[in-house]
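Here is a short report on one predicted model. Please keep the sequence and the 3D view open while reading.

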Amino acid sequence: MSTLAEVLSRETREGDLYETLPDGRLRCYACGHCCPLPNGAIGVCKVRFNEGGRLQVPWGYVGGVQCDPVEKKPFFHAHPGALAYSFGMLGCDLHCSYCQNWVTSQSLRDPAAVAPPLRATPEQMVRDAVAQRARIMVSTYNEPLITSEWAVAVFKEARAAGLTTGYVSNGNGTPEVLDYLRPWVDLYKVDLKSFDDRHYRQLGGRIAPILDTIRRLHAMDFWVEIVTLLIPGFNDSRDELSRLTAFLADVSPHIPWHVTAFHRDYKMTDPPNTSADMLMTAADIGRANGLRHVYAGNLPGEVGDLEDTRCSACHELLVGRYGYYIREYHVTRDGRCPSCHQAVPGRWSAQFDGQITARPFVPATRRFTILSSL
Ligand code: SF4
């Protein structure tokens, strides 16, 4: 029987995001590591590798497929109530000890992470998404940057079917991968995990490419929302949160910032779970630094109005939420506040069609098969 790594090494095609260096090595640009790869070497992500002078990249499978409310991604300013057909491959360029998607992201590093890959085609997934009445197609679960060629292939089909597309990412990008994605990706969520380079190095990355990516995403007119998982003792100091939110407000005060509650997961089981008071204190810091749309997540009903969208000018309630559930919706057809007519930043549907589901579910009609040689 083949190992997972052996099976996945066959499920590849030549990638687009690389160049050949003068010494014959390949430089991959899919993520901020920019690995230089001699012949036979594999990248930090463990899924892209140099085979005879060609960069081979993942192709033709998914590590998971699920239908999620778009609020789960979370995008709060992009078609509220819509269904986001969500797919991921396997592997990640970071190795966060608290990862909540570790079964797919760490499957090539951790033998305990078992996520059998399923054979898939872009056409098959988009047909399935349309049949489920999804409005949005999202690459998530593993780090999408490292499998960008596959995501773009899926998104080309999705666009042809009239769907909006999105990335749920750690933001460890490069200028090259953002140029590559720009024609095909509408929404981009970045998980800004800390504002301290030492913390990022513990997770296997650096902060500089992530901050650069956030600035570029905004300048390139992707719709950007930012999430920070608030971990007691790791990233919750007033000083760090103040610097983090001041940075975001400097990029744009209109970028929504979601500060979400940590629960013990994977290898990080020491810190206490995040309380509602901690979330609300962090939200106050973000608002004081000028952010207009701050949300508190993962503790439905415990965080006052920090699940709702309000007009930043007159404070009228625009979207009322409980967890992923839309309680009220008042944004106008042209994306404005009904009271003062201020434009609401985001990507809004011409009308609210109700919410298909407030709960994730696995599509009942899917016909994906496990890669046979596993
Ligand atoms: S995706 Fe990132 S980690 Fe993987 S080979 Fe490319 S640069 Fe290296």
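Strands β5 and β6 (residues 54–58) run antiparallel and are joined by three bridges. Asparagine 50 has leucine 55 of β6 as its bridge partner. Both strands belong to an open sheet of three strands, in the order β1-β6-β5, with antiparallel pairing. The edges are held by β1 (12–14) and β5 (49–51). Each has a single partner strand, so one side of each lacks a neighbour in the sheet. On average, neighbouring strands here are turned by 45° against each other, direction ignored. Strands of a sheet pair through backbone hydrogen bonds.

Next, the ligand. The space it takes is the largest cavity. Around the ligand stand Cys28, Ala30, Cys31, His33, Cys34, Cys35, Gly43, Val44, Cys45, Arg48 and Ile146. This shell divides into eight nonpolar residues, two polar and one charged.

Now the backbone. Most residues other than glycine have a negative phi, and most peptide bonds are trans. The table lists departures from this pattern.

| Site | Backbone feature | Loop |
|---|---|---|
| Cysteine 34 | phi near 45° | between β3 (26–28) and β4 (36–37) |
| Lysine 73–proline 74 | cis peptide bond, omega about -10° | proline 74 between β8 (64–69) and β9 (83–88) |
| Histidine 315 | phi near 70° | between β17 (309–310) and β18 (317–322) |

Cysteine 34 also appears in the ligand surroundings. Is histidine 315 buried or exposed? Histidine 315 is exposed, because its relative accessible area is 54%, and exposed means over 50%.

Note on methods
Residues numbered from 1 in each chain as written. Predicted model: local features only at pLDDT ≥ 70, side-chain atom pairs only at ≥ 80, totals over all residues. Heavy atoms only, no water. Near = heavy atom within 4 Å. 1 Å grid on protein atoms, 1.4 Å probe; cavity = no way out; pocket = protein on both sides within 12 Å on 5 of 7 lines; lining within 4 Å. Sits in = over half its atoms within 2 Å of the grid points. Nonpolar A, V, L, I, M, F, W, Y, C, P; charged D, E, K, R; others polar. Pairing = 2+ DSSP bridges. Helix = DSSP H or I, 4+ residues; strand = E, 2+ residues; numbered from the N terminus. Axes fitted to C-alpha atoms, helices over the stretch in contact; angles between N-to-C directions. Buried < 20%, exposed > 50% of the residue type's maximum accessible area, 1.4 Å probe, protein only.
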